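Please open the model in a viewer and keep the selection tool at hand. The tour below proceeds from one selection to the next and states what is found at each stop.

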Amino acid sequence: MHPTMLKLPDLSALMPARDGLSRPDWDAIEACINKAIPEKYRNDAWAQAARQWLELVAGQLDGDYICEESQNFIVLTESSKRLARDVCKFYEKALKTIIKYLPGVASDDGYGKHVVMMFTKEDDYYRYIMYFYPDGEHPMSGGVCLSGDGYTHYAFPLNETDPSGYRGTLVHELTHGCLEHLEIPTWLNEAIAMRMEHALCGSSPLDLDREQYRRHKEYWNAATIQQFWAGSSWSIVEDGFELSYSLAKIIWRKFEKDLRAPQSAILEFIATANHADAGEGACRRLFDLSLGDFVADFLGEGPWAPDPERYLMEYEGGKDVERVPE
């Protein structure tokens with residue numbers, strides 16, 4: 001059987017609508033594919049399943065949504081055919097660059113194509129992503145990498161005042177997707193995503209002024225720094241959310257500029273840094289430094305080193321921290 005001749009049955013019964021939008025049962029779909037499709041053709045089968053899903057969502061949204069496709073991506077968008085092709089072309093370049101920039105660390109393994117949902121209306125975007133959030137108040141979101149439902153995919157609202165802004169958002173979220181196989185701490189995951197955003201889109205590598213520094217000095221203390229290392233500060237509305245991104249960017253800049261470590265050591269740190277201790281063990285082993293030293297270099301002496309027992313017990317009840325999509 002040649003993959004171009006392979007055709008999946010209609011899977012719409014396994015893609016029921018909730019809140020008016022399709023929410024596939026990926027476990028059931030996987031069982032269906034595994035039963036019917038030889039392993040060597042499953043990549044194409046998963047792409048077909050994703051295509052069926054996006055066609056359902058396109059029909060459930062107000063507007064004239066289309067599904068544009070390239071070698072590695074399926075994009076749901078209201079953009080014109082020409083612009084949709086340009087979008088896919090950029091996405092292909094971004095994926096290749098991320099894999100090249102992070103050799104042996106970033107991964108594109110897995111069945112199917114990368115699914116990207118570009119929502120014209122912000123209300124539709126939030127209606128779609130709230131299904132993936134726990135109850136409660138959450139920071140505003142400019143884009144998400146959604147990996148908790150069985151098929152990692154990306155969603156973001158288009159910005160009317162910055163039509164090309166989708167590029168930075170996609171690069172940021174795609175980097176998360178390419179690192180999701182690692183047990184990586186949140187702060188490092190975000191720092192690398194911002195670094196790739198800068199490398200591919202020219203976004204500012206560091207936005208620090210006197211007022212921002214004052215806010216950092218006032219916000220971080222023995223308790224809040226443990227929230228940062230644990231990853232829970234990214235779920236704190238306003239200052240915790242915003243300053244966590246800024247601090248992660250500052251720490252990573254110090255890694256790149258001050259350590260002057262060879263790329264091999266930096267890549268090994270990314271590959272071996274573990275969420276259980278925020279990467280402290282890997283940092284000490286590879287660079288003979290504590291992560292707290294990098295924070296102290298910015299904020300001055302203080303109780304900045306990760307204390308895994310404290311943050312796991314006090315903030316997450318001893319459980320792993322689930323990062324809320326940003």
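Begin by selecting strand S5, residues 114-119, in this predicted model. Both of its faces are covered: His 114, Val 116 and Met 118 are buried on one side, and Val 115, Met 117 and Phe 119 are buried on the other. Six of the six residues of S5 are thus buried.

Next, add strand S4, residues 73-77. S4 and S5 pair in the parallel sense, over four bridges. To locate the register, display Phe 73, which stands opposite His 114 in S5. Then follow the chain out of S4: it passes through helix H3, residues 81-101, before it reaches S5. This β-α-β crossover is left-handed.

On S5, now look for the pairing with strand S7, residues 153-157. S5 and S7 are also joined in the parallel sense, here over five bridges. Select Met 118 to find one of the paired positions; its bridge partner in S7 is Phe 156.

Select S6 next, residues 144-146. S6 and S7 pair in the antiparallel sense, over three bridges. Within this pairing, Cys 145 stands opposite Tyr 154 of S7.

With these strands on display, add S3 and view the whole sheet. What is the order of the strands? It is S3-S4-S5-S7-S6, an open sheet of five strands with mixed pairing. S3 (66-69) and S6 stand at the edges with a single partner strand each, so one side of each has no neighbour in the sheet. From one strand to the next, the twist averages 20°.

Two helices should now be added to the sheet. Helix H2, residues 42-60, lies across S3, S4, S5 and S7. Its direction is at about 5° to S4. Helix H5, residues 166-179, also packs on the sheet, where it touches S4, S5, S6 and S7. The direction of H5 makes about 155° with that of S7.

Remain on H5 and select Glu 173, which is found in this helix. Is Glu 173 buried or exposed? Its relative accessible area is 3%, so Glu 173 counts as buried. A polar atom of its side chain lies 3.0 Å from the backbone nitrogen of Cys 145, the residue already seen opposite Tyr 154.

The tour now turns to the salt bridges, of which the structure holds 13. Select Asp 239 and Arg 215: they form a salt bridge in which the closest N and O atoms are 2.8 Å apart. Asp 239 belongs to helix H9 (residues 239-259) and Arg 215 to helix H7 (residues 210-219), so the pair ties together parts that are 24 residues apart in sequence. Asp 239 is partly exposed, at 35% relative accessibility, whereas Arg 215 is buried, at 18%.

Move along H9 to Lys 254, which forms a salt bridge with Asp 297; the closest N and O atoms are 2.9 Å apart. Asp 297 lies in helix H12 (residues 291-299), so this pair ties H9 to a part of the chain 43 residues apart in sequence. Lys 254 counts as buried, with 14% relative accessibility, while Asp 297 counts as exposed, with 52%.

For a salt bridge inside one helix, select helix H11, residues 280-287. The side chains of Arg 284 and Glu 280 meet there at 2.8 Å, N to O. The two residues are four apart, about one turn of the helix. Arg 284 is partly exposed, with a relative accessible area of 47%, and Glu 280 is buried, with 10%. Then select Arg 51, Glu 69 and Lys 113, which salt bridges with shared partners join into one network.

Finally, clear the selection and display the whole chain. Its secondary structure comes to 13 helices and seven strands. Of the 326 residues, 49% are buried. Among contacts between residues at least 6 apart in sequence, 64% join residues at least 24 apart.

Key
Residues numbered from 1 in each chain as written. Predicted model: local features only at pLDDT ≥ 70, side-chain atom pairs only at ≥ 80, totals over all residues. Heavy atoms only, no water. Pairing = 2+ DSSP bridges. Axes fitted to C-alpha atoms, helices over the stretch in contact; angles between N-to-C directions. Contact = heavy atoms within 4.5 Å. Salt bridge = Lys/Arg side-chain N within 4 Å of Asp/Glu carboxyl O. Buried < 20%, exposed > 50% of the residue type's maximum accessible area, 1.4 Å probe, protein only. Polar contact = N/O pair within 3.5 Å; in protein donor to acceptor, adjacent residues only side chain to side chain. Right-handed = clockwise from strand over helix to strand, strands pointing away.
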